[in-house]
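This report describes how the strands and a helix are arranged in the structure shown below. Please keep the sequence at hand while reading.

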Amino acid sequence: MAVRPIRTYGDPVLRLKAKRVAKIDSSIQHLIDDMIDTMRAAPGVGLAANQVGIPLRVAVIEMPEREGVITLINPEIVKRFGERILDEGCLSLPGYVGEIKRSVRVIVKARDRNGKEIRLKGEGLLAQALEHEIDHLDGVLYVDHLESPDKLHKQERPSPEDTQQEEVASEIA
Ligand code: NI
């Protein structure tokens with residue numbers, strides 16, 4: 001297991017539509033393990049395979065208040081509910097945060113790392129993370145959802161007494 005470098009804005013691999021995984025073999029298991037290490041080291045709430053340079057439909061999510069890593073292979077959003085405006089960041093665009101619209105709730109189907117079909121209901125931050133990571137797999141970045149350029153902000157350096165701010169901005173990966 002290893003931490004892999006995270007590709008940043010401008011790298012063409014972030015704009016590729018990732019390919020479906022045909023077979024969950026040992027190289028995919030290895031990729032998943034490395035993605036989990038990379039996500040935790042960043043730290044971030046999620047990571048898509050193209051962020052480590054592999055254009056395959058694999059993503060991992062780990063929520064602060066939920067135990068265990070969610071591994072998604074060939075994920076698809078089945079349904080979206082509601083709309084809300086929120087601040088979002090991305091490990092591939094360090095130092096920025098943007099105000100965009102996301103769903104309140106989503107239903108996603110995917111395979112887990114054992115190949116088992118799973119259906120996930122996500123609300124709030126989990127819904128946001130699911131939409132963010134599945135966007136990555138389609139070559140979409142959160143900045144594509146900005147209504148106007150002035151909705152993108154440089155992330156201010158948090159003062160020592162305001163560490164919350166940094167946590168919020170690194171929520172999504
Ligand atoms: Ni991201």
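## The β6–β7 hairpin

In this predicted model, seven bridges hold β6 and β7 together in the antiparallel sense, and A110 has I118 of β7 as its bridge partner. The two strands form a hairpin in which five residues lie between them, and G115, in the turn, has a positive phi of about 90 degrees.

## The sheet around the hairpin

The hairpin strands belong to an open sheet of five strands, paired antiparallel in the order β1-β2-β3-β6-β7. Because β1 (46-48) and β7 (117-123) stand at the edges with a single partner strand each, one side of each is left without a neighbour in the sheet. On average, and with direction ignored, neighbouring strands of this sheet are turned by 35 degrees against each other.

Strand β6 (residues 105-111) is joined to β3 by six bridges, the two strands running antiparallel, and V106 in β6 stands opposite R80. β3 (residues 70-81) is also linked to β2 (residues 58-61), again antiparallel, through four bridges, and here I61 has I70 of β3 as its bridge partner.

## Helix α1 across the sheet

Helix α1 (residues 26-41) lies across β1, β2 and β3 and runs at about 40 degrees to β2. At 1.5 Å a residue its 16 residues should span 22 Å, which agrees with the 23 Å between its end C-alpha atoms.

Which residues of α1 are buried? They are I28, L31, I32, D34, M35, I36, T38 and M39, and these buried residues pack against β1, β2 and β3. An α-helix has 3.6 residues a turn, so residues three or four places apart point the same way.

Terms used
Residues are numbered from 1 along each chain as its sequence is written. This is a predicted model: local features need pLDDT of at least 70, side-chain atom pairs count only at pLDDT 80 or more; totals for chains, interfaces and linings use all residues. Side-chain values use heavy atoms; hydrogens and water are left out. Two strands pair if DSSP finds at least two bridges between them. Axes are lines fitted to C-alpha atoms, for helices over the stretch in contact, and angles run from 0 to 180 degrees between N-to-C directions. Contact means heavy atoms within 4.5 Å. The expected span of a helix is 1.5 Å times one less than its number of residues. Buried means under 20% relative accessible area, exposed over 50%, partly exposed in between (1.4 Å probe, protein chains only).
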